[in-house]
Number of protein chains: 2
Amino acid sequence: MASDVKSPTGPRSRADALDEPTCTAADAVLSTLATQASRLRTRRGQNIALTLEGGEAVFIVRSGAFMLHVTMPDTPRQVVAFFFRGDVLRSSFAPPHANATLTSASAAEVWRLRWTVLEGLAAADPALACFLQDAMATQMARHAVHVAAIGQFSGEQRVATVLTELAMRTGMPTPAGGLMLDMPFSRKDIADYLGLNSDTLSRIMSRLRSTGVLGHSERSRALVRDFQALARLSPAARSLAEIHRGRRGGHCQSKLD
Amino acid sequence: MASDVKSPTGPRSRADALDEPTCTAADAVLSTLATQASRLRTRRGQNIALTLEGGEAVFIVRSGAFMLHVTMPDTPRQVVAFFFRGDVLRSSFAPPHANATLTSASAAEVWRLRWTVLEGLAAADPALACFLQDAMATQMARHAVHVAAIGQFSGEQRVATVLTELAMRTGMPTPAGGLMLDMPFSRKDIADYLGLNSDTLSRIMSRLRSTGVLGHSERSRALVRDFQALARLSPAARSLAEIHRGRRGGHCQSKLD
DNA sequence: CGCTGAGTTGAGAAGGTTCAAGGTATGTGG
DNA sequence: CCACATACCTTGAACCTTCTCAACTCAGCG
């Protein structure tokens, strides 16, 4: 597989990065919102109301991690998505009658605006409109990966996938050549994201630890000893790498190319 | 549950329909695209290239049914979403390196534009921008329901959910008080959408037939004898009803309210 | 020091999957 | 019009993964 991964252009390659730079840098675009948005600072575990005085709101994540989860009647909850810096969420993304909740998984900051306000600003500022559309597109692509993982991957593949994703978001290299990840999400959160039982998740992670892919670490942190082995376990590793390219600096990127 | 369903406003009710009518009728908005888009007519089973001369494209479904499916290395394919009239899809919604394919499930019509063109038109026409944003929002909500179904529902609940969804899209009432659905998707398609094996799907549908929820019918068609019983089997029935409200006329709506 | 909540682990049960065989509709060519 | 081929669907039996439930560990904390 190593040689396969070397080729940056896969079969059926879709739009190249060439299409995307129409958008100017996200931070420049967003700076214009600073005066319009309320900046919410959250602590771990805090729930955020999805609507604003009963109306539609938008949330733009500035730092930290959030998750959107839903609970359909008579079923356990499902974590629909994780959100990190740059992600955008509208109230109406949450299905009605589904007991949807937006929860902060770590100390975090999110900007909130009335949707109608942001809509108006986007109408006047093409760069902002583009930023929003591209945020949607990226999230749709991540969503597709998530669905494929829940629908078709084995337990181990799912766990490897979510760890790969977190490694790309928050992984920092360690002297020993591994990666240290922040784990803002609890075992239960991750299990609910993956459609697994948390006992099963725990078993799988123990197995990964015993095969040397993961290492021991303090709570709310995880040590990936062998990122390439982890990526090899996840059928979605290359997709995720491509999706995350251009977002953060990415210490993992180089290891897949 | 019948009495529960009577109340139109659930707990934690999110933005009311009041927010949405900012958008003018979809058909009026889209009519302005008629000269810009290529109208593709497809037959059942036809694959549509996701990119347009290597660049990013948008597809707006006008009639018929489509599905987007992805296949990650070493895993079976996953149908990520079904698309019907009014749905919008960008090339970049498909994750890279995932062997993504857009397939027509029936004779259908879809409009295709270069994304940059539609982006320009939307910048000039707020109603179009609003239509696009709301299409995204609806699809995100449906996506959340789909993830919850795959992640947390039992096989029977998943099947009931997809049948409920199809009933809301394409169901026509029969003299006997049931609903006749077009089934543009094969058993395998539906199984891949639900993250089930097609053998299992077949077994579940047989069971539903033997319990009188479904009836016998010709191929590529399904007969729902008792829609309310079906909806009772799906934890997502109320969510779906709410999401679809205001889209088609919906013969099913009245039965849930 | 005992409480609490999160994580781990084992044994048995449940639900899906796999594989293989048979059935049923649709289309094709004689 | 029939015989045949094909694709799709159905069903049964054995198997396997994951879930369930319960016991246990461990860290943080009053």
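How many residues of chain B are in contact with how many residues of chain A? The points below take up this question and then turn to the sheets and to the two DNA strands, and throughout it should be kept in mind that this is a predicted model.

1. The contact between the protein chains. In this predicted model, 63 residues of chain B are in contact with 64 residues of chain A. The two chains bury about 5,400 Å² between them, and 63% of that area lies on carbon and sulfur atoms. On the chain B side, B:His97, B:Met140 and B:Gln152 lose the most area to chain A, and together they make up 14% of what that side buries.

2. The sheet of chain A. Chain A has an open sheet of four strands in the order β2-β8-β5-β6, and the pairing in this sheet is antiparallel. Strands β2 (47-48) and β6 (78-83) of chain A stand at the edges with a single partner strand each, so one side of each is left without a neighbour in the sheet. Strand β5 of chain A, residues 66-70, runs antiparallel to β6(A) and is joined to it by five bridges; within this pairing, A:Val70 has A:Gln78 of β6(A) as its bridge partner.

3. A helix from the other chain on that sheet. Helix α4 of chain B, residues 126-152, packs on the sheet of chain A, where it touches β5 and β6. The direction of this helix makes about 125° with that of β6(A). A reader tracing the contact between the chains may note that B:Met140 and B:Gln152, named above among the residues that lose the most area to chain A, have numbers that fall within the residue range of helix α4 of chain B.

4. The sheet of chain B. In chain B, too, there is an open sheet of four strands, with the order β2-β8-β5-β6 and antiparallel pairing. Its edges are formed by β2 (47-48) and β6 (78-83) of chain B, each with a single partner strand, so one side of each is left without a neighbour in the sheet. Five bridges hold the antiparallel pair made by strand β5 (residues 66-70) of chain B and β6(B), and in β6(B) the bridge partner of B:Val70 is B:Gln78.

5. The surroundings of DNA strand C. There are 17 residues around DNA strand C, of which A:Arg203, A:Ser206, B:Gly155, B:Thr200 and B:Arg203 come nearest. Of the atoms of this strand within 4 Å of the protein, 60% belong to sugar or phosphate, and the rest belong to bases. By class, the surface near DNA strand C is made of one nonpolar, eight polar and eight charged residues.

6. Polar contacts with DNA strand C. Polar side-chain atoms of two residues of chain A, A:Arg187 and A:Ser202, each lie 2.8 Å from a phosphate oxygen of DNA strand C. For A:Arg209, an N or O atom of the side chain is 3.0 Å from a phosphate oxygen of this strand. The elements that give two or more residues to the surface near DNA strand C are α7 (198-210) of chain A and α7 (198-210) of chain B, and α7(A) gives the most, with five residues.

7. The surroundings of DNA strand D. DNA strand D is surrounded by 17 residues, the closest being A:Gly155, A:Thr200, B:Ser202, B:Arg203 and B:Ser206. Sugar and phosphate account for 59% of the atoms of this strand that come within 4 Å of the protein. The residues of the surface near DNA strand D divide into one nonpolar, eight polar and eight charged.

8. Polar contacts with DNA strand D. An N or O atom in the side chain of A:Thr200 is 2.6 Å from a phosphate oxygen of DNA strand D, and one in the side chain of B:Arg209 is 3.1 Å from a phosphate oxygen of this strand. For B:Asp199, the side-chain N or O atom is 2.8 Å from a base oxygen of DNA strand D. At least two residues of the surface near this strand come from each of α7 of chain A, α6 (187-194) of chain B and α7 of chain B, with the largest share, five residues, supplied by α7(B).

How values were computed: Residues are numbered from 1 along each chain as its sequence is written. Chains are lettered from A and ligands numbered from 1 in the order in which they are written. This is a predicted model: local features need pLDDT of at least 70, side-chain atom pairs count only at pLDDT 80 or more; totals for chains, interfaces and linings use all residues. Side-chain values use heavy atoms; hydrogens and water are left out. Two strands pair if DSSP finds at least two bridges between them. Contact means heavy atoms within 4.5 Å. Axes are lines fitted to C-alpha atoms, for helices over the stretch in contact, and angles run from 0 to 180 degrees between N-to-C directions. A residue is near a molecule or strand if one of its heavy atoms lies within 4 Å of it. A polar contact is a pair of N or O atoms within 3.5 Å; within protein, one must be able to donate a hydrogen and the other to accept it, and residues adjacent in sequence count only if both atoms are side-chain atoms. Ala, Val, Leu, Ile, Met, Phe, Trp, Tyr, Cys and Pro count as nonpolar, Asp, Glu, Lys and Arg as charged, and the others, Gly among them, as polar. Buried area is the accessible area (1.4 Å probe) that two parts lose on being put together, summed over both.
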